Amino acid sequence: MSKPKKWTEVYPYGTKEGDDEAKFFRALARHPKFDYRSTGAIIKATGLSRQRVEEIVDKYVNKV
């Protein structure tokens, strides 16, 4: 059984989309409890729109 790819191997580097995704995952990684992070908190931490945050979530949740 092979390991799934890490997010750093999946998102597109050096593009606007990749920069948004990097902000998203950094906001998740900085959460002190790692239990739950609301989309509102991610939006506030990253400055991304709600729609963009939900697109990123859908992109990676569907790959799991």
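**Helices H2 and H4: group meeting talk**

Let me start with aspartate 20, which is found in helix H2, where helices are DSSP runs of H or I with at least four residues, strands are runs of E with at least two, and both are numbered from the N terminus. This is a predicted model, in which local features need pLDDT of at least 70 and side-chain atom pairs count only at pLDDT 80 or more, while totals for chains, interfaces and linings use all residues. Residues are numbered from 1 along each chain as its sequence is written, and side-chain values use heavy atoms, with hydrogens and water left out.

At 6% relative accessibility, aspartate 20 counts as buried, a term that means under 20% relative accessible area, with exposed meaning over 50% and partly exposed in between (1.4 Å probe, protein chains only). Leaving aside neighbours within four places in sequence, aspartate 20 is in contact with Leu48, Arg52 and Ile56, contact being heavy atoms within 4.5 Å.

Phenylalanine 24 also has its place in helix H2, residues 16-29, and counts as buried because its relative accessibility is 5%. With the same neighbours within four places set aside, phenylalanine 24 is in contact with Ile42, Thr46, Val53, Ile56 and Val57.

Turning to H4, which residues are buried there? They are Arg52, Val53, Ile56 and Tyr60, and seen down the axis of H4 these buried residues fall within an arc of 100°, so they line one face of the helix; the arc is that of the directions from the helix axis to the C-beta atoms. On the other side of H4, Gln51 and Val61 are exposed.
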